[in-house]
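Hi,

Here's the structure I promised to pass along. Have a look at it first, and then read on for what turned up.

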Amino acid sequence: MRNYLLLILLVVFTPLQALTNDLDQSSLVERGEYLVYGPAACVRCHGSIEQMEAFENHGEKIPLGGGRTWHMYLGTFVAPNITSDRTQGIGGWSTKQLEETLRNDLGNDGKALIPMMEYHQMNDADLAAIIAWLKTSQPVTREINRSHWSWIGKIAQWFLTRSASTDIAQIPPIEPAPTAEYGRYLAEDVAQCGNCHTRRSQTTGRFEGARYAGGSHLQTTINPSLYVVPPNITPKGVHSVIRDWTLADFLQRFSEGLKLQGSHMPWGAFQHMNKRDVTAIWKYLQTVPSSDYNPGPPLQTQSD
Ligand code: HEC
Ligand code: HEC
(Lines give C-alpha, C1' and ligand atoms only; values in the text may rest on other atoms or scores of the structure.)
(Ligands and ions follow the chains in the order given, each with its own letter.)
Protein backbone atom coordinates (compact mmCIF):
# COMPACT_ATOMS: atom_id res chain seq x y z
CA MET A 1 0.00 0.00 0.00
CA ARG A 2 2.72 2.38 1.03
CA ASN A 3 4.59 1.64 -2.21
CA TYR A 4 1.51 2.45 -4.27
CA LEU A 5 1.07 5.68 -2.45
CA LEU A 6 4.67 6.57 -3.10
CA LEU A 7 4.26 5.73 -6.75
CA ILE A 8 1.15 7.89 -7.07
CA LEU A 9 2.89 10.73 -5.28
CA LEU A 10 5.87 10.41 -7.60
CA VAL A 11 3.74 10.35 -10.74
CA VAL A 12 1.52 13.21 -9.63
CA PHE A 13 4.09 15.52 -8.13
CA THR A 14 7.37 15.03 -9.94
CA PRO A 15 6.34 16.42 -13.34
CA LEU A 16 4.48 19.25 -11.65
CA GLN A 17 7.54 20.18 -9.64
CA ALA A 18 9.71 20.04 -12.77
CA LEU A 19 7.20 22.21 -14.59
CA THR A 20 7.16 24.87 -11.87
CA ASN A 21 10.96 24.90 -11.90
CA ASP A 22 10.89 25.46 -15.64
CA LEU A 23 8.35 28.22 -15.21
CA ASP A 24 10.45 29.84 -12.47
CA GLN A 25 13.51 29.58 -14.69
CA SER A 26 11.79 31.10 -17.71
CA SER A 27 10.28 33.98 -15.74
CA LEU A 28 13.73 34.59 -14.22
CA VAL A 29 15.30 34.74 -17.69
CA GLU A 30 12.48 36.99 -18.92
CA ARG A 31 13.04 39.36 -16.00
CA GLY A 32 16.78 39.31 -16.77
CA GLU A 33 16.21 40.25 -20.40
CA TYR A 34 13.88 43.07 -19.35
CA LEU A 35 16.56 44.49 -17.04
CA VAL A 36 19.46 44.10 -19.50
CA TYR A 37 17.68 45.87 -22.38
CA GLY A 38 15.53 48.09 -20.15
CA PRO A 39 16.28 49.76 -16.81
CA ALA A 40 19.77 48.27 -16.17
CA ALA A 41 20.76 49.07 -19.78
CA CYS A 42 23.81 46.78 -19.95
CA VAL A 43 23.30 47.15 -23.69
CA ARG A 44 24.38 50.82 -23.67
CA CYS A 45 27.98 49.75 -23.05
CA HIS A 46 28.13 46.07 -24.04
CA GLY A 47 26.00 46.17 -27.21
CA SER A 48 28.03 45.16 -30.29
CA ILE A 49 29.58 48.47 -31.28
CA GLU A 50 28.69 48.34 -34.99
CA GLN A 51 25.03 47.74 -34.12
CA MET A 52 24.81 50.58 -31.58
CA GLU A 53 22.88 52.82 -33.94
CA ALA A 54 20.04 50.28 -34.13
CA PHE A 55 19.95 50.20 -30.34
CA GLU A 56 20.23 53.93 -29.71
CA ASN A 57 17.76 55.07 -32.31
CA HIS A 58 15.35 52.15 -32.33
CA GLY A 59 15.93 50.33 -29.01
CA GLU A 60 16.71 47.11 -30.91
CA LYS A 61 17.79 44.15 -28.76
CA ILE A 62 21.25 43.83 -30.32
CA PRO A 63 23.66 41.15 -29.01
CA LEU A 64 26.05 42.09 -26.18
CA GLY A 65 29.14 41.47 -28.31
CA GLY A 66 31.03 44.49 -26.89
CA GLY A 67 33.67 46.76 -28.39
CA ARG A 68 32.75 50.19 -27.01
CA THR A 69 36.00 51.85 -25.91
CA TRP A 70 36.87 54.58 -23.39
CA HIS A 71 40.23 56.37 -23.34
CA MET A 72 41.11 57.63 -19.87
CA TYR A 73 44.30 58.55 -18.02
CA LEU A 74 44.00 55.21 -16.19
CA GLY A 75 44.09 53.34 -19.48
CA THR A 76 42.00 52.24 -22.42
CA PHE A 77 38.91 50.33 -21.38
CA VAL A 78 36.86 48.13 -23.63
CA ALA A 79 33.41 46.72 -22.91
CA PRO A 80 33.90 42.96 -23.41
CA ASN A 81 31.78 40.42 -25.26
CA ILE A 82 29.39 39.16 -22.53
CA THR A 83 27.31 36.81 -24.68
CA SER A 84 27.26 33.15 -23.59
CA ASP A 85 30.04 32.24 -26.04
CA ARG A 86 32.44 29.90 -24.22
CA THR A 87 35.67 31.22 -25.71
CA GLN A 88 35.04 34.94 -26.22
CA GLY A 89 32.13 35.60 -23.88
CA ILE A 90 31.11 34.61 -20.34
CA GLY A 91 29.93 31.11 -21.32
CA GLY A 92 32.56 29.46 -19.13
CA TRP A 93 32.06 31.70 -16.08
CA SER A 94 30.51 30.44 -12.85
CA THR A 95 27.60 32.22 -11.18
CA LYS A 96 29.95 33.23 -8.37
CA GLN A 97 32.36 34.90 -10.82
CA LEU A 98 29.53 36.86 -12.39
CA GLU A 99 28.27 37.89 -8.96
CA GLU A 100 31.76 39.08 -7.99
CA THR A 101 31.96 41.11 -11.19
CA LEU A 102 28.63 42.85 -10.72
CA ARG A 103 28.71 43.23 -6.93
CA ASN A 104 32.41 43.90 -6.36
CA ASP A 105 33.92 44.98 -9.72
CA LEU A 106 36.28 42.01 -9.89
CA GLY A 107 37.29 40.27 -13.12
CA ASN A 108 37.57 36.48 -13.45
CA ASP A 109 41.34 36.79 -12.83
CA GLY A 110 40.54 38.23 -9.37
CA LYS A 111 41.83 41.69 -10.34
CA ALA A 112 39.77 44.87 -10.09
CA LEU A 113 37.91 46.08 -13.16
CA ILE A 114 37.60 49.77 -13.92
CA PRO A 115 34.66 50.77 -11.69
CA MET A 116 32.20 51.74 -14.42
CA MET A 117 29.39 49.35 -13.55
CA GLU A 118 27.46 50.61 -10.59
CA TYR A 119 25.13 47.74 -9.75
CA HIS A 120 26.60 46.96 -6.32
CA GLN A 121 23.27 47.47 -4.59
CA MET A 122 21.08 45.73 -7.15
CA ASN A 123 19.01 43.18 -5.23
CA ASP A 124 19.69 39.43 -5.21
CA ALA A 125 16.58 38.56 -7.24
CA ASP A 126 17.50 40.97 -10.05
CA LEU A 127 21.16 39.93 -10.00
CA ALA A 128 20.09 36.27 -10.32
CA ALA A 129 17.73 37.18 -13.17
CA ILE A 130 20.47 38.99 -15.11
CA ILE A 131 22.91 36.12 -14.61
CA ALA A 132 20.26 33.60 -15.70
CA TRP A 133 19.66 35.63 -18.86
CA LEU A 134 23.40 36.08 -19.59
CA LYS A 135 23.94 32.32 -19.40
CA THR A 136 21.16 31.61 -21.91
CA SER A 137 21.84 34.53 -24.27
CA GLN A 138 22.64 33.79 -27.90
CA PRO A 139 26.43 33.16 -28.12
CA VAL A 140 28.38 35.45 -30.44
CA THR A 141 31.94 34.39 -31.24
CA ARG A 142 33.77 37.62 -31.63
CA GLU A 143 37.11 38.59 -30.24
CA ILE A 144 37.33 41.97 -28.57
CA ASN A 145 40.54 43.72 -27.47
CA ARG A 146 40.97 43.53 -23.71
CA SER A 147 41.23 46.67 -21.58
CA HIS A 148 44.71 48.05 -21.01
CA TRP A 149 45.71 49.89 -17.81
CA SER A 150 48.34 52.65 -18.10
CA TRP A 151 51.23 52.56 -15.56
CA ILE A 152 49.38 54.94 -13.27
CA GLY A 153 46.26 52.87 -13.90
CA LYS A 154 48.11 49.73 -12.78
CA ILE A 155 48.85 51.38 -9.43
CA ALA A 156 45.19 52.34 -9.07
CA GLN A 157 44.16 48.80 -10.04
CA TRP A 158 46.45 47.34 -7.37
CA PHE A 159 44.78 49.50 -4.70
CA LEU A 160 41.32 48.72 -6.04
CA THR A 161 42.05 44.98 -6.00
CA ARG A 162 43.43 45.15 -2.46
CA SER A 163 40.38 46.97 -1.12
CA ALA A 164 37.80 44.95 -3.07
CA SER A 165 35.57 42.66 -1.06
CA THR A 166 35.24 39.04 -2.11
CA ASP A 167 32.10 38.53 -0.01
CA ILE A 168 28.91 38.68 -2.00
CA ALA A 169 26.60 41.13 -0.22
CA GLN A 170 23.04 39.89 0.18
CA ILE A 171 20.42 42.40 -0.80
CA PRO A 172 16.77 41.54 -0.16
CA PRO A 173 14.29 41.81 -3.01
CA ILE A 174 11.83 44.66 -3.28
CA GLU A 175 8.38 44.25 -4.80
CA PRO A 176 8.11 45.98 -8.21
CA ALA A 177 5.28 48.52 -7.85
CA PRO A 178 4.54 52.07 -9.05
CA THR A 179 5.79 53.53 -5.77
CA ALA A 180 8.47 56.07 -4.84
CA GLU A 181 10.24 53.31 -2.89
CA TYR A 182 10.60 51.06 -5.93
CA GLY A 183 11.43 54.15 -8.03
CA ARG A 184 14.33 54.93 -5.68
CA TYR A 185 15.68 51.43 -6.16
CA LEU A 186 15.46 51.71 -9.96
CA ALA A 187 16.87 55.23 -10.19
CA GLU A 188 19.72 54.65 -7.74
CA ASP A 189 20.68 50.99 -7.97
CA VAL A 190 19.60 49.84 -11.43
CA ALA A 191 19.13 52.61 -14.03
CA GLN A 192 21.90 54.89 -12.67
CA CYS A 193 19.81 58.06 -13.21
CA GLY A 194 21.43 59.74 -10.22
CA ASN A 195 24.95 58.74 -11.21
CA CYS A 196 24.68 60.52 -14.57
CA HIS A 197 22.50 63.42 -13.47
CA THR A 198 24.88 64.44 -10.65
CA ARG A 199 28.13 66.33 -11.21
CA ARG A 200 31.23 64.29 -10.37
CA SER A 201 34.98 64.84 -10.29
CA GLN A 202 36.59 63.98 -13.62
CA THR A 203 39.66 62.57 -11.88
CA THR A 204 38.28 60.57 -8.95
CA GLY A 205 34.67 60.04 -10.04
CA ARG A 206 33.46 61.34 -6.63
CA PHE A 207 30.10 63.12 -6.59
CA GLU A 208 30.47 66.87 -6.17
CA GLY A 209 27.13 68.36 -7.10
CA ALA A 210 23.63 68.16 -5.62
CA ARG A 211 22.00 64.83 -6.42
CA TYR A 212 19.94 64.96 -9.66
CA ALA A 213 20.78 68.67 -10.17
CA GLY A 214 22.69 68.06 -13.42
CA GLY A 215 25.72 65.99 -14.33
CA SER A 216 29.23 66.33 -15.73
CA HIS A 217 30.03 67.08 -19.35
CA LEU A 218 30.24 63.84 -21.34
CA GLN A 219 32.06 63.69 -24.65
CA THR A 220 29.60 62.78 -27.40
CA THR A 221 30.12 59.62 -29.38
CA ILE A 222 29.61 61.46 -32.67
CA ASN A 223 31.93 64.47 -32.28
CA PRO A 224 34.88 64.57 -29.79
CA SER A 225 34.65 68.39 -29.44
CA LEU A 226 30.99 68.31 -28.41
CA TYR A 227 29.83 67.49 -24.88
CA VAL A 228 26.40 66.44 -23.76
CA VAL A 229 25.26 67.55 -20.32
CA PRO A 230 22.72 65.65 -18.20
CA PRO A 231 20.14 68.26 -17.12
CA ASN A 232 18.78 69.14 -13.67
CA ILE A 233 15.89 66.74 -12.98
CA THR A 234 15.07 67.77 -9.39
CA PRO A 235 11.31 68.33 -8.98
CA LYS A 236 11.09 72.11 -8.50
CA GLY A 237 14.60 73.45 -9.22
CA VAL A 238 14.50 76.78 -11.12
CA HIS A 239 16.54 75.21 -13.94
CA SER A 240 15.02 71.74 -13.75
CA VAL A 241 13.80 70.40 -17.10
CA ILE A 242 10.96 68.51 -15.41
CA ARG A 243 9.79 71.43 -13.23
CA ASP A 244 6.59 71.95 -15.25
CA TRP A 245 6.12 68.34 -16.37
CA THR A 246 3.27 66.06 -15.33
CA LEU A 247 3.53 62.28 -14.98
CA ALA A 248 1.90 62.07 -18.43
CA ASP A 249 4.67 64.26 -19.94
CA PHE A 250 7.33 62.09 -18.29
CA LEU A 251 5.76 58.87 -19.61
CA GLN A 252 5.44 60.45 -23.05
CA ARG A 253 9.13 61.51 -23.11
CA PHE A 254 10.27 57.99 -22.19
CA SER A 255 8.22 56.55 -25.05
CA GLU A 256 9.85 58.84 -27.62
CA GLY A 257 13.44 57.59 -27.53
CA LEU A 258 16.63 59.38 -28.52
CA LYS A 259 16.29 62.90 -29.93
CA LEU A 260 19.73 64.40 -29.42
CA GLN A 261 22.20 62.33 -31.46
CA GLY A 262 25.32 61.43 -29.48
CA SER A 263 23.55 61.71 -26.12
CA HIS A 264 24.65 59.25 -23.45
CA MET A 265 21.18 58.92 -21.96
CA PRO A 266 20.17 55.35 -22.90
CA TRP A 267 16.80 56.34 -24.36
CA GLY A 268 16.78 53.20 -26.55
CA ALA A 269 16.91 50.97 -23.45
CA PHE A 270 14.55 53.12 -21.39
CA GLN A 271 12.01 52.93 -24.19
CA HIS A 272 11.62 49.26 -23.14
CA MET A 273 10.81 50.25 -19.56
CA ASN A 274 7.21 49.54 -18.66
CA LYS A 275 4.74 52.16 -17.45
CA ARG A 276 4.87 50.84 -13.88
CA ASP A 277 8.62 51.40 -13.68
CA VAL A 278 8.64 54.85 -15.34
CA THR A 279 5.82 55.88 -12.98
CA ALA A 280 7.80 54.63 -9.98
CA ILE A 281 10.85 56.67 -11.06
CA TRP A 282 8.69 59.77 -11.52
CA LYS A 283 7.24 59.35 -8.03
CA TYR A 284 10.71 58.96 -6.57
CA LEU A 285 12.03 62.07 -8.37
CA GLN A 286 9.20 64.06 -6.73
CA THR A 287 10.76 63.23 -3.34
CA VAL A 288 14.32 64.35 -4.21
CA PRO A 289 15.39 67.74 -2.71
CA SER A 290 15.11 70.51 -5.33
CA SER A 291 18.23 72.36 -6.40
CA ASP A 292 18.55 75.59 -8.41
CA TYR A 293 21.90 74.56 -9.93
CA ASN A 294 22.09 75.37 -13.64
CA PRO A 295 24.13 72.83 -15.65
CA GLY A 296 23.55 74.87 -18.83
CA PRO A 297 22.26 73.66 -22.21
CA PRO A 298 22.37 69.93 -23.10
CA LEU A 299 25.06 70.45 -25.79
CA GLN A 300 28.24 72.35 -24.97
CA THR A 301 31.75 72.72 -26.41
CA GLN A 302 33.60 72.95 -23.05
CA SER A 303 34.80 69.79 -21.31
CA ASP A 304 33.64 71.11 -17.85
C1 HEC B 1 28.97 52.24 -18.32
C2 HEC B 1 29.29 51.11 -19.16
C3 HEC B 1 28.90 49.73 -18.71
C4 HEC B 1 27.65 49.28 -18.34
C5 HEC B 1 26.37 50.08 -18.28
C6 HEC B 1 27.79 47.87 -18.06
N7 HEC B 1 29.09 47.47 -18.24
FE8 HEC B 1 29.84 45.60 -17.91
N9 HEC B 1 31.72 46.30 -18.32
C10 HEC B 1 32.03 47.57 -18.78
C11 HEC B 1 33.46 47.66 -19.00
C12 HEC B 1 34.22 48.88 -19.51
C13 HEC B 1 34.01 46.41 -18.65
C14 HEC B 1 35.49 46.01 -18.68
C15 HEC B 1 36.17 46.56 -17.45
C16 HEC B 1 37.67 46.35 -17.43
O17 HEC B 1 38.21 45.76 -18.37
O18 HEC B 1 38.31 46.77 -16.46
C19 HEC B 1 32.88 45.57 -18.24
C20 HEC B 1 33.01 44.24 -17.84
C21 HEC B 1 31.93 43.38 -17.61
C22 HEC B 1 32.05 41.98 -17.33
C23 HEC B 1 33.35 41.19 -17.27
C24 HEC B 1 33.55 40.50 -18.61
C25 HEC B 1 34.96 40.08 -18.93
O26 HEC B 1 35.13 39.38 -19.94
O27 HEC B 1 35.90 40.45 -18.21
C28 HEC B 1 30.78 41.49 -17.18
C29 HEC B 1 30.37 40.06 -16.88
C30 HEC B 1 29.86 42.61 -17.34
N31 HEC B 1 30.59 43.74 -17.60
C32 HEC B 1 28.50 42.51 -17.26
C33 HEC B 1 27.63 43.62 -17.31
C34 HEC B 1 26.21 43.53 -17.08
C35 HEC B 1 25.44 42.26 -16.81
C36 HEC B 1 25.72 44.81 -17.15
C37 HEC B 1 24.31 45.28 -16.88
C38 HEC B 1 23.72 44.87 -15.60
C39 HEC B 1 26.85 45.69 -17.46
N40 HEC B 1 27.98 44.92 -17.54
C41 HEC B 1 26.75 47.06 -17.66
C42 HEC B 1 31.15 48.60 -18.98
C43 HEC B 1 29.79 48.58 -18.65
C1 HEC C 1 24.61 57.60 -19.09
C2 HEC C 1 24.10 58.85 -18.57
C3 HEC C 1 22.62 58.99 -18.27
C4 HEC C 1 21.82 58.13 -17.57
C5 HEC C 1 22.15 56.78 -16.98
C6 HEC C 1 20.53 58.78 -17.46
N7 HEC C 1 20.55 59.99 -18.10
FE8 HEC C 1 18.96 61.26 -18.36
N9 HEC C 1 20.08 62.41 -19.62
C10 HEC C 1 21.42 62.25 -19.87
C11 HEC C 1 21.85 63.25 -20.82
C12 HEC C 1 23.26 63.41 -21.37
C13 HEC C 1 20.71 64.05 -21.13
C14 HEC C 1 20.64 65.27 -22.07
C15 HEC C 1 20.53 64.87 -23.52
C16 HEC C 1 19.25 64.17 -23.87
O17 HEC C 1 18.15 64.70 -23.57
O18 HEC C 1 19.34 63.08 -24.46
C19 HEC C 1 19.61 63.47 -20.36
C20 HEC C 1 18.31 63.96 -20.37
C21 HEC C 1 17.31 63.56 -19.51
C22 HEC C 1 15.99 64.19 -19.41
C23 HEC C 1 15.50 65.40 -20.22
C24 HEC C 1 14.84 64.97 -21.51
C25 HEC C 1 14.31 66.12 -22.32
O26 HEC C 1 13.72 65.80 -23.36
O27 HEC C 1 14.49 67.27 -21.95
C28 HEC C 1 15.30 63.52 -18.43
C29 HEC C 1 13.90 63.80 -17.95
C30 HEC C 1 16.18 62.47 -17.95
N31 HEC C 1 17.38 62.51 -18.62
C32 HEC C 1 15.85 61.58 -16.94
C33 HEC C 1 16.62 60.42 -16.62
C34 HEC C 1 16.15 59.36 -15.78
C35 HEC C 1 14.82 59.35 -15.04
C36 HEC C 1 17.13 58.40 -15.77
C37 HEC C 1 17.11 57.03 -15.15
C38 HEC C 1 15.97 56.20 -15.51
C39 HEC C 1 18.25 58.91 -16.57
N40 HEC C 1 17.88 60.14 -17.07
C41 HEC C 1 19.44 58.25 -16.78
C42 HEC C 1 22.24 61.26 -19.36
C43 HEC C 1 21.81 60.16 -18.61
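A quick bit of vocabulary before we start: a residue is near a molecule if its C-beta atom, placed from the backbone, lies within 6 Å of it. Also keep in mind that this is a predicted model.

With that in hand, let's take ligand 2. It has 21 residues around it, and Ala191, Cys193, Cys196, Ser263 and Met265 come nearest. Sorted by class, that shell holds 16 nonpolar residues, four polar ones and one charged one.

Now for ligand 1. Here 24 residues do the surrounding, with Cys42, Cys45, Pro80, Leu113 and Ser147 as the closest. If you want to find the shell by element, look at helix H2 (43–46), helix H4 (95–104) and helix H5 (124–136), the elements that give two or more residues to it. The class count for ligand 1 comes to 19 nonpolar, four polar and one charged residues.

Next, the domains. The domain assignment splits out domain 1 (28–163) and domain 2 (180–300) in the protein chain. Taken over C-alpha atoms, their centres are 22 Å apart. Where they touch, domain 1 puts in 17 residues and domain 2 puts in 15 residues. On the domain 1 side, the elements giving two or more residues are helix H1 (2–37), H2 and helix H3 (52–58). Which of these gives the largest share of that side? That would be H3, with four residues. By class, the side of domain 1 that touches domain 2 has eight nonpolar, five polar and four charged residues. You may recognise H2 from above: it gives two or more residues to the shell around ligand 1, and it does so for the side of domain 1 that touches domain 2.

Last, a helix pair. In general, two packed helices are described by the angle between their axes and the distance between the axes. For helix H9 (residues 247–256) and helix H11 (residues 275–285), the axes come within 10 Å and cross at roughly 125°. Angles of 65 to 115 degrees count as roughly perpendicular and those over 145 as roughly antiparallel, so H9 is oblique to H11. Their crossing is right-handed. On H9, the contact is made by Leu247, Phe250, Leu251 and Phe254, and on H11 by Lys275, Val278, Thr279 and Trp282. By class, that contact has six nonpolar residues, one polar and one charged.

Over to you, and happy browsing!

Methods:
Residues are numbered from 1 along each chain as its sequence is written. Chains are lettered from A and ligands numbered from 1 in the order in which they are written. This is a predicted model: local features need pLDDT of at least 70, side-chain atom pairs count only at pLDDT 80 or more; totals for chains, interfaces and linings use all residues. Ala, Val, Leu, Ile, Met, Phe, Trp, Tyr, Cys and Pro count as nonpolar, Asp, Glu, Lys and Arg as charged, and the others, Gly among them, as polar. Domain bounds come from an automatic or database domain assignment. Two residues are in contact if their C-beta atoms, placed from the backbone, lie within 7 Å. Axes are lines fitted to C-alpha atoms, for helices over the stretch in contact, and angles run from 0 to 180 degrees between N-to-C directions. Angles under 35 degrees count as roughly parallel, over 145 as roughly antiparallel, 65 to 115 as roughly perpendicular and the rest as oblique. A crossing is left-handed if the near helix is turned anticlockwise from the far one by less than a right angle, and right-handed if clockwise.
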